[in-house]
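Dear colleague,

I am passing on the structure we talked about, with the sequence alongside. Please have a look at it first, and then read the notes that follow.

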Amino acid sequence: VKTGMLATPEIVETVAAKLREYRVPNVVVDTVMVAKGGAKLLVDEAVQMVKSKLLPLATVITPNLPETACLLGTTEEHIADQGVEGMKWAAQELHKMGPKHVLVKGGHLPSSEE
């Protein structure tokens, strides 16, 4: 099962409950929560529900840089300024939230020689 944008806390709660009920073995959480222009698509309560209810059920999560910053309560710049090391740090921090695997997508990083 792959999730997409889960717009409200109630939707996140329902999806998480059904994943547990049906014991879904492989869950890909595509953390759609920030628009391309940078606007947040989810209210803070929904983000918290994703973190507490959905990420622990995930086999893999695939946040981009803005979504990673949102999940970690930091800024994109804080991660991007450290380049690849910042992304490694972010992935380790996200892993602590429960998913088995984390793939932080770096398309929003400035170009570098790394």
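**Overall layout**

Read from the N terminus on, the elements of the protein follow the order β-α-β-α-β-α-α-α-β, and in total there are 5 helices and 4 strands. Please keep in mind throughout that this is a predicted model.

As for overall dimensions, the C-alpha atoms fill a box of roughly 45 × 25 × 20 Å along the principal axes. The radius of gyration is 14 Å, which agrees with the value near 13 Å that a compact globule of 114 residues would have. Buried residues account for 39% of the 114 residues, and the protein exposes about 6500 Å², of which carbon and sulfur atoms supply 55%. If one takes the contacts between residues at least 6 apart in sequence, 66% of them join residues at least 24 apart.

**The first two helices**

Helix α1, residues 9-21, has 13 residues and spans 18 Å from its first C-alpha to its last, close to the 18 Å expected at 1.5 Å a residue. Its buried residues are Pro9, Val12, Ala16 and Leu19. Seen down the axis of α1, these buried residues fall within an arc of 95 degrees, so they line one face of the helix. The partner against which the buried residues of α1 pack is α2, residues 44-54.

In α2, the buried residues are Ala46, Val47, Met49, Val50 and Leu54. Viewed down the axis of α2, they fall within an arc of 160 degrees, so here too the buried residues line one face of the helix. That buried side packs against β1 (2-3), α1, β2 and α3, while the face turned away from it carries the exposed residues Asp44 and Glu45.

**The nonpolar core**

In soluble globular proteins, nonpolar side chains tend to be buried together. In this model the largest nonpolar core has 29 residues, and those with the most contacts inside it are Val29, Met33 and Leu71. The elements that give two or more residues to this core are α1, α2, α3 (65-72), α4 (76-80) and α5 (83-95). If you would like one residue to start from, Met33 touches Ala39, Lys40, Leu41, Leu42, Val47, Val50, Glu67, Cys70 and Leu71, leaving out residues up to four places away in sequence. Among these contacts of Met33, Val47 and Val50 belong to the buried residues of α2, and Leu71 is itself one of the residues with the most contacts inside the core.

**The loop between α1 and β2**

Two residues of this loop may be worth viewing together, namely Arg23 and Val27. Is each of them buried or exposed? Val27 is buried, because its relative accessible area of 1% lies under the 20% cut-off, whereas Arg23 is exposed, with a relative accessible area of 72%. Arg23, which comes just after α1, also has a positive phi of about 50 degrees although it is not a glycine.

Val27, for its part, touches Val1, Leu19, Leu57, Ala58, Thr59 and Val60, again not counting residues up to four places away in sequence. One of these contacts, Leu19, is among the buried residues of α1. Val27 and Leu55 are 28 residues apart in sequence, and their C-alpha atoms are 9.4 Å apart in space.

**Pro66 and Val104**

Pro66 has its place in helix α3 and is buried, with a relative accessible area of 11%. The C-alpha atoms of Pro66 and Ile11 are 22 Å apart in space, with their positions 55 residues apart in sequence.

Val104 is found in the segment after β4 (101-102), and it is likewise buried, with a relative accessible area of 12%. Which residues does Val104 contact, leaving aside its neighbours within four places in sequence? They are Pro63, Thr68, Met87, Ala91 and Leu94. Val104 and Ala90 are 14 residues apart along the chain, and 7.7 Å separates their C-alpha atoms.

With kind regards

Technical notes: Residues numbered from 1 in each chain as written. Predicted model: local features only at pLDDT ≥ 70, side-chain atom pairs only at ≥ 80, totals over all residues. Heavy atoms only, no water. Buried < 20%, exposed > 50% of the residue type's maximum accessible area, 1.4 Å probe, protein only. Contact = heavy atoms within 4.5 Å. Expected span 1.5 Å × (residues − 1). Arc of directions from axis to C-beta. Core = buried A, V, L, I, M, F, W, Y, C linked by side-chain atoms within 4.5 Å. Rg over C-alpha atoms; globule rule 2.2 N^0.38 Å. Areas by Shrake-Rupley, 256 points an atom, 1.4 Å probe, with all protein chains shown as cover.
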